[in-house]
Every structure is written in C-alpha cells, then in structure tokens.
Amino acid sequence: MSEQRALLSTSHSSLLCEVVDGALLIRHWGAPLSGDLSRIAQAMKPSIANSAFDQIQSGGIMRESSRGFLGRPALSGHRNGSSWSTKFEVTDFHHSDSKVKITLRDLHAELEVVISFEMDQFGVLTQNATVNNLGDTNYSLDDFTHWLPLPEEATQTLDFAGRWANERNPQRRDIATGTWIRDTREGRSGHNFSIADIALTSHTTFANGDAWATSIAWSGNSQYLVERLWNGEQSMGAGELLLPGEVQLGAGESYQAPTLISIYSASGLDGIASAFHSHIRARALHPRRPRPLTLNMWEAIYFNHNEEKIKKLIDVAAEIGIERVVLDDGWFLGRRNDRIGLGDWEIDPAVWPQGLSPIIKYINDKGIEFGLWFEGEMVNPDSNIYREHPEWILHEGDRVPPLWRNQLVLDLSHEGAYNHVLEQVSAILSTHSIAYIKWDHNRVLVDAGHLGKAGVRKQTQAIYRLFAELKKRHKDLEIESCASGGARVDLGVIDYVDRFWTSDNNDALARQNIQRWTSQVIPPEMLGTHIGPTHGHQTGRTLELSMRATTALFGHAGIEWDITEASTQERAYLKSWADYYKANRAFLHSSTMVRVDYPDEHGLLHGVVSKDKSHGLFAYVQITPTVAVNPAPLKFPGLDIASNYEIKAVYPAGEPRYMVVQKPEWMNGIHISGSALAMVGVSAPILAPANAFLIEINKI
Ligand code: DGJ
C-alpha cells in the first residue's frame with residue numbers, strides 16, 4: 001500500500017494523505033513531517049468506544065455517511081431523490097513531491113470526483129476539485145466543500161466581518177462543539193466577506209504560534225466552516241454556496257469547485273501573511289510594473305465634471321509627481337447623480353462636448369496615465385439600456401429585485417447583456433489612451449435569477465470571462481476591483497485584476513485597521529491606499545497630513561483629495577512624500593510585512609523588512625491617548641540580530657503632532673545592533689492621538 005500515500009512537504013509545512021479501505025484520508029496538515037511514515041495509520045488507530053460502530057470507520061475526505069461519518073459531507077446532491085448517499089472509492093492516485101491527484105468514483109451513484117493538492121515552495125496548498133456526472137440523468141449538486149483537518153491544538157478561529165467603509169474587522173473566538181459558518185450570500189464577496197478563515201492556538205500572535213488559514217478563491221456566494229464533532233474531530237472547510245438548483249449536471253457534465261488556498265504557519269499571523277504574499281507575488285500575472293502614484297478625482301469632484309476644474313487638479317498633480325489620474329463616476333450618458341445612466345457606456349456630450357480625448361491628451365502630455373471608472377454589471381432603471389432591455393437584469397419571475405443605490409444588476413450570462421457591456425467598454429478603450437479601469441460593483445445580488453434558475457455562479461463566471469476578454473483585447477490594460485470600496489477583494493478575482501480598492505473610507509485612522517487586516521492575505525502593492533482630504537468625507541475627522549501620508553504609503557499609494565485646495569506647504573509635503581514613495585516602492589512592494597505585537601493598546605507598530613534584512617521601514621501610530629507617560633518601547637522583529645543598523649525617524653510629509661517637550665534622541669539617528677532593536681527597542685514619543693511617523697532602519 002506504500003504507493004497509496006503521499007507527502008507534500010516544504011520546510012514550512014506538510015500534508016500527508018493516504019488511501020485506507022478505498023477512502024482518501026488526510027492524516028496531517030501542519031508542521032513539516034519526515035522519516036518513516038509507514039506506521040502512521042497504525043499509530044493513529046483509535047480505540048472502539050462504548051456505544052459506537054463495531055468497526056473503526058474512516059469518513060475520509062468525502063466525509064460520507066456510508067463510511068460512518070456524522071459531520072457535514074464534502075458533497076451533497078441527488079438524482080431526483082436517488083443517489084443521495086455516496087460511497088466513493090479511490091480509483092487513481094498519482095503524486096509527485098509537490099502534487100497529488102486523486103480520482104474517486106462511486107459507480108452506483110454514477111459520480112466521479114477528482115481532487116488535487118499542490119504545495120508550492122512557500123508551503124501554500126492549492127486544493128482543487130471537479131465533480132463529473134458519469135450517469136445519463138441529471139445530477140443536482142447541492143454542495144461541494146473542501147475540507148482540511150485541524151489538530152486539537154487549534155482552539156480558536158479568526159475571521160473577518162465588516163460593512164461599507166469599515167471592512168475586515170477581526171473576530172476571534174473559541175472553537176466549541178458544533179459548526180461555525182460564515183456565509184456570503186451577496187453575489188459578490190462583500191464588505192462582510194471573511195477574506196480568510198484562520199484557526200489558531202490561544203497563544204498565537206502576529207509573530208509566534210501555530211496558525212492554519214484557508215481562503216476561498218471565489219467572488220460569488222461562499223461559505224467558510226469550522227466544525228468540531230462530538231468525538232473531538234475538528235476540521236475547517238470552505239466552498240461555493242450554491243443556491244437551490246444552481247448546479248444541475250447533465251450527462252457527462254462537470255462542476256469545477258472554486259480553488260481553496262491554505263497555509264499552515266508556525267510563525268503566527270505574519271507567517272500566514274508572508275506565505276500568502278509570496279504565493280500571490282509568484283503568479284505570472286502579478287503586476288510587475290512599479291505601482292504608479294495615483295490621483296483619483298472622486299472625492300475632489302464627485303459628479304461635478306468640469307474640464308477647467310479638472311485641468312487645475314491635473315496641474316497640481318503634475319507638480320506633485322502623480323503618475324496616473326483617474327476620472328471616476330459621472331462621465332457617461334446622463335450621469336449627473338447616482339440615479340441615472342448606469343448601463344449607457346457612452347461619453348456624455350453634455351459634460352464632455354469634445355469627448356474625453358482632449359482631457360486625456362492634457363493628462364498624457366504631462367507624462368501621466370489616464371484611468372476611467374466603469375460599473376459594467378449594473379444598470380439604473382433610468383437608462384437607455386434598461387428601457388430597451390428590461391429583461392436583461394437578474395430577476396426571478398415577474399419580480400424586479402429591490403433597488404440598491406437606485407440600481408439593478410445586469411444578467412451577464414445573458415449573451416445580449418454580456419456583449420453590450422463588453423462592446424461598449426471595449427469601444428471606449430479602443431478609441432482612447434486608457435491605461436487602467438476602475439471597475440465598481442455597488443450593490444448586492446438578490447433574487448438573482450437567470451432564465452428562471454439561480455444565476456449567481458454564472459454571473460461570477462461571466463465577470464471573470466469579461467475581465468479576461470478586456471485584458472486580451474487591450475494589451476497592458478490594468479483593472480482595479482472596487483465594490484463600494486472593498487466588497488470584492490478575494491483570491492478569485494485577483495487573477496483578473498491588478499489592484500483592489502481597499503475601502504471607501506479614506507480616513508487614515510480607520511484605514512490603519514482596514515489595511516492591517518486586508519493585507520493579512522493581499523500584498524500591499526495590490527491595495528489602493530490614498531491620502532484623503534484634511535477633513536475626512538466619511539468620518540468628518542480632521543487628521544494631520546503626516547498621519548494620512550504615513551498610512552497611504554503602505555500600499556499602492558495615491559491621493560483622493562481636492563489638491564487645488566492644498567496649501568503651498570502641503571503641496572511641498574505631498575511632493576516630498578511622492579518622491580519618497582517612488583524611491584521606496586520597489587522595496588515596499590517586495591518585502592516581508594511585519595505587524596509588531598506591540599504591548600501598548602494605544603499604539604500600532606507595523607512595517608516591512610526587506611528579504612535580505614538590510615532595510616526596514618516601520619510606522620508608529622498613536623491610535624488613542626496613552627495612559628502611561630512613556631508608551632511601551634518600540635521593538636523591531638524581523639531584522640538580522642547579528643548585524644548593526646542605523647535607526648532614525650523620517651518625515652516625508654511633515655512631522656506628527658507630539659505631546660512632548662523633547663523627542664527621544666534616537667529619532668535623529670543612532671547606530672544600534674539588530675539584537676538590541678529586537679530585544680530592547682527604542683523609546684516611543686507620546687504623540688497626539690491619530691498621529692504617526694515613519695522609522696527607517698538601514699544596515700550599516
Ligand atoms: C463607490 C466607489 O467605491 C467609490 O470609490 C466611487 O468610485 C463611487 N462608487 C462612484 O460612484
């Protein structure tokens with residue numbers, strides 16, 4: 001039986017699976033395993049308890065009732081009531097050092113499942129599955145969930161919740177007997193989508209401890225589960241949440257489950273983040289061009305498109321060193337507010353009588369790229385396209401779904417609707433110099449029927465197809481995934497886009513939290529981070545420029561503010577900050593993220609350290625007023641403890657507001673060992689709340 005066992009292993013983690021009595025068992029997912037593993041089955045054979053099956057049962061990866069498993073099955077479905085219970089047998093088992101592919105069949109249910117696991121050099125596990133209908137009749141697939149076992153040391157889970165302008169709030173809780181489910185039923189991943197589900201020990205921190213993470217690569221409806229059974233067995237799973245009848249497999253048809261990306265780390269939440277970032281960066285389609293410093297004009301002009309005003313903005317942008325300018329919502333037919341125009345992707349002569357070409361030329365002549373906003377999946381009832389084709393919306397029966405931001409969702413799996421959007425968007429792109437599009441998605445999908453059947457899966461596949469086609473037709477086009485801020489940030493759409501709009505909240509204090517947790521999965525170079533206005537439009541809060549600029553530096557940086565209103569001093573700071581971003585972005589966008597386990601609840605210390613540990617750039621952020629006179633010292637993990645460094649504070653956009661008579665001496669620059677930086681640290685100044693500054697650490 002030895003050929004029926006596969007060990008995928010790196011120095012970070014291992015996955016061990018083997019075939020037992022025709023079932024596929026995941027024996028281990030966690031720390032690296034080695035040596036003689038042939039007796040693991042014997043070692044793990046449990047006793048037979050009172051009031052139990054007479055023989056030991058192994059539910060296997062399919063988690064089947066027929067094999068005595070009493071938790072949630074991996075696959076559920078039926079053929080008009082029959083084939084409701086399965087017993088799959090492994091019929092093929094192929095593996096290499098990094099990949100295992102298993103075919104399982106149930107000839108009675110006339111189904112085949114092909115599952116594969118692949119582990120990359122960073123220990124990141126990619127799990128795929130296909131369900132094939134071998135029968136002559138329709139098979140209704142109700143659910144397919146990927147599962148991975150969790151050891152008993154995993155006593156907690158961490159997932160994320162949120163709303164518009166406040167995405168990705170961590171929620172950490174104890175695992176108890178039962179099932180913890182995080183459903184997404186918005187038809188987009190959503191503000192409340194848990195970008196990852198992470199199991200932890202009670203001691204796991206950013207830097208230390210075991211963590212097991214999964215992230216579902218899907219932008220439609222989905223589900224994360226953590227299940228602990230009465231017998232102590234526990235596991236985590238994730239998959240697409242299928243609506244009733246959504247997947248009906250005809251004879252010979254297949255269902256491809258969304259991919260699950262999973263990581264075990266022995267070095268805490270930062271270990272998980274680092275593996276996600278490395279995995280994402282290794283993709284052939286990862287954006288490689290330096291991430292252009294962006295000015296998005298939305299919060300500067302909203303719907304008030306006025307060429308003279310926009311030119312003034314461009315002039316200031318050019319002075320500052322902006323490399324890409326984005327014209328947001330409001331440029332197309334009738335779009336003077338959010339009640340009209342979505343779906344009519346033609347330039348509105350009422351606001352742009354000469355079209356967009358002159359303003360694009362004005363921008364390009366200054367050496368700046370141009371970007372344009374679309375929301376292709378949507379229509380306003382007040383639009384030509386809806387008046388012509390009311391049947392093109394996702395709907396059920398005679399019902400029109402409730403409006404949300406005055407809009408309805410186009411059914412992109414309807415060929416007419418798909419071609420309308422593709423051709424209108426494509427026509428604009430073909431006739432203008434447009435480097436980038438920001439693609440929004442400002443409402444949820446409800447009652448989302450396609451020709452009388454549930455249509456969320458098809459809609460999700462259609463938008464992926466549309467993005468791929470636009471990129472194929474328009475070489476080097478970049479796409480930003482936006483959905484009222486961060487409501488479509490996930491590992492499904494990531495392969496079609498180059499940037500995520502992290503949140504509509506440009507308030508830097510709120511952004512500290514939102515960026516901190518979105519980057520748990522997404523590397524900073526893919527997260528749009530803008531300097532917002534002095535008085536935040538979402539929160540009404542007034543924040544120092546240094547705080548806003550420090551916060552916006554840790555991502556794909558930009559500005560979203562009417563910079564014609566900025567003072568001479570502020571413009572000078574914006575320019576030096578822009579220069580700083582450009583000088584440091586290669587390092588910021590390729591390094592290891594570090595979120596320090598800072599003991600003082602009033603502050604945050606986070607940053608990046610280059611892979612060779614020669615540079616570090618950190619931000620110290622005073623979130624709330626300190627209680628102690630001296631905040632906890634700033635200690636810097638992740639550097640080389642055997643090397644010496646220069647550490648100093650830097651202020652590319654001006655100094656923060658202090659609450660001290662004299663700053664700590666080191667801020668002007670001192671030399672100190674990496675070991676002292678990690679173990680002893682440097683003094684933190686007391687800042688006024690909602691202030692921040694940067695700390696540069698360079699090897700000497
Ligand atoms: C929501 C987006 O998140 C904003 O950035 C902006 O593009 C508006 N939509 C435009 O309507």
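## A buried pair to start with

R499 and E480 are both buried. They also form a salt bridge, with 2.7 Å between the closest N and O atoms. What you are looking at is a predicted model, so please read each position as part of a prediction.

Where do R499 and E480 sit along the chain? R499 belongs to strand 29 (residues 499–501), while E480 belongs to strand 28 (residues 478–481). The two are 19 residues apart, and their pairing links distant parts of the chain.

## More salt bridges

Side chains of opposite charge can pair when their charged atoms come close. The count for this model comes to 45 salt bridges, and a few more are worth a visit.

One of them joins the side chains of E696 and K648, at 3.7 Å from N to O. This pair, too, links distant parts of the chain: E696 lies in strand 37 (residues 691–699) and K648 in strand 35 (residues 644–650), 48 residues apart. Are these two partners buried or exposed? E696 counts as buried because its relative accessibility is 14%, under the 20% cut-off. K648 has a relative accessibility of 26% and so counts as partly exposed.

Next, find K663 and E655, which form a salt bridge with their closest N and O atoms 3.2 Å apart. K663 is partly exposed, with a relative accessible area of 25%. E655 is partly exposed as well, at 38% relative accessibility. Salt bridges can also share partners, and in this way R289, R291, R324, E369 and E478 are joined into one network.

## Two helices side by side

Now turn to helix 4 (residues 307–320) and helix 5 (residues 357–364). Their axes come within 10 Å and cross at roughly 15°. That angle makes helix 4 roughly parallel to helix 5, because angles under 35 degrees count as roughly parallel. Which hand does the crossing of helix 4 and helix 5 have? The crossing is right-handed.

## A nonpolar patch on the surface

Finally, look at the surface, where F53, L70 and W230 form a nonpolar patch. Together these residues have about 400 Å² of accessible area.

To find F53, follow the chain to the loop between helix 1 (40–43) and strand 4 (75–78). How exposed is F53? With a relative accessible area of 43%, F53 is partly exposed, because that value falls between the 20% limit for buried and the 50% limit for exposed.

Technical notes: Residues numbered from 1 in each chain as written. Predicted model: local features only at pLDDT ≥ 70, side-chain atom pairs only at ≥ 80, totals over all residues. Heavy atoms only, no water. Patch = residues over 30% accessible without salt bridge, like charges linked within 9 Å, V, L, I, M, F, W, Y side chains within 5 Å. Areas by Shrake-Rupley, 256 points an atom, 1.4 Å probe, with all protein chains shown as cover. Salt bridge = Lys/Arg side-chain N within 4 Å of Asp/Glu carboxyl O. Helix = DSSP H or I, 4+ residues; strand = E, 2+ residues; numbered from the N terminus. Buried < 20%, exposed > 50% of the residue type's maximum accessible area, 1.4 Å probe, protein only. Axes fitted to C-alpha atoms, helices over the stretch in contact; angles between N-to-C directions. Parallel < 35°, antiparallel > 145°, perpendicular 65-115°, else oblique. Left-handed = near helix turned anticlockwise from the far one by under 90°.
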